[in-house]
Amino acid sequence: MRKGEGLEVLGSKFQSAEATQEKAAIETDLYPYIRTFMADAVINGVDDAKWDTFVDGLDDYGYYKWIEWWQKSYNGEI
């Protein structure tokens, strides 16, 4: 094994710059969306309609692409 291969940090491996940039681009929009929802939920509460709207919006903010990125990372594909 060459130096640096297989080094794991918090369950993930170091990725290429391109893969890291892809994840960062998704997180730029996704994280604020989730944080905003969480803050609103704490202050105003959540009913089924708000939850459904939040879950529907996850796709718009790249959540499923983000999950796919992590799965590919875990599988060693990126």
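Of the 78 residues of the protein, 22% count as buried, where buried means under 20% relative accessible area, exposed over 50%, and partly exposed in between (1.4 Å probe, protein chains only). This is a predicted model, in which local features need pLDDT of at least 70 and side-chain atom pairs count only at pLDDT 80 or more, while totals for chains, interfaces and linings use all residues. Residues are numbered from 1 along each chain as its sequence is written, and side-chain values use heavy atoms, with hydrogens and water left out.

**Exercise 1. Set out the fold and its confidence.**

Task: Find which elements the protein has, in what order they run, and which element has the lowest mean pLDDT.

Solution, step by step:

- Begin with the elements: the protein has three helices and two strands. Helices (H or I, at least four residues) and strands (E, at least two) are DSSP runs, numbered from the N terminus.
- Now the order, which from the N terminus is β-β-α-α-α.
- Turn to contacts, meaning heavy atoms within 4.5 Å. Of the contacts with a separation of 6 or more, 64% are between residues 24 or more positions apart.
- Then check confidence: pLDDT is the predictor's confidence in each residue, from 0 to 100. The mean for the protein is 86, and 83% of its residues reach 70 or more.
- Among the elements, strand β1 (residues 8–9) has the lowest mean pLDDT, 48, and α2 has the highest, 97. Over residues 5–11 the pLDDT is below 50, and this stretch has six contacts in the model beyond near neighbours in sequence.
- A word of care: where pLDDT is low, the predicted coordinates should not be read in detail.

**Exercise 2. Follow lysine 23.**

Task: Decide whether lysine 23 is buried or exposed, and list which residues it touches.

Solution, step by step:

- Locate lysine 23 in helix α1 (residues 17–44).
- Its relative accessible area is 17%, so lysine 23 is buried.
- Leaving out residues up to four places away in sequence, lysine 23 touches Trp66, Trp69 and Trp70.
- Look at the charged end of lysine 23: it sits over the ring of tryptophan 69, 5.5 Å from the ring centre. For this label, NZ of Lys or CZ of Arg must be within 6 Å of the ring centre and within 35 degrees of the ring normal.
- Finally, compare positions along the chain and in space: the C-alpha atoms of lysine 23 and tryptophan 66 are separated by 6.6 Å, although the two residues are 43 apart along the chain.

**Exercise 3. Classify two aromatic pairs.**

Task: Work out what geometry the pair of tyrosine 31 and tryptophan 66 has, then do likewise for tryptophan 51 and phenylalanine 54.

Solution, step by step:

- Rings of Phe, Tyr and Trp (its six-membered ring) pair if their centres lie within 6.5 Å; planes under 30 degrees apart count as stacked, over 60 as edge-to-face and the rest as tilted. The structure holds 10 such pairs.
- For tyrosine 31 and tryptophan 66, the values are 6.2 Å centre to centre and 80° between the planes, an edge-to-face pair.
- This pair links distant parts of the chain, with tyrosine 31 in helix α1 and tryptophan 66 in helix α3 (residues 63–75), 35 residues apart.
- Tyrosine 31 is partly exposed at 29% relative accessibility, whereas tryptophan 66 is buried at 17%.
- For tryptophan 51 and phenylalanine 54, the ring centres are 5.5 Å apart and the planes lie at 45°, so this pair is tilted. Both residues belong to helix α2 (residues 48–60), three residues apart, about one turn of the helix.
- Tryptophan 51 is partly exposed at 43%, and phenylalanine 54 is buried at 8%.
- To finish, ring pairs join Tyr31, Tyr63, Tyr64, Trp66, Trp69 and Trp70 into a cluster.

**Exercise 4. Inspect a loop and the C-terminal segment.**

Task: Find which backbone nitrogens the side chain of aspartate 47 reaches, and which residues isoleucine 78 touches.

Solution, step by step:

- Aspartate 47 lies in the loop between α1 and α2 and is partly exposed, with a relative accessible area of 43%.
- Its side chain reaches the backbone nitrogen of alanine 49 at 3.3 Å and that of lysine 50 at 2.8 Å.
- Isoleucine 78, in the segment after α3, is partly exposed at 35% relative accessibility.
- Not counting residues up to four places away in sequence, isoleucine 78 touches Gln15, Ala19, Trp69, Lys72 and Ser73.
- The C-alpha atoms of isoleucine 78 and serine 16 are separated by 7.5 Å, with their positions 62 residues apart along the chain.

Notes. Polar contact = N/O pair within 3.5 Å; in protein donor to acceptor, adjacent residues only side chain to side chain.
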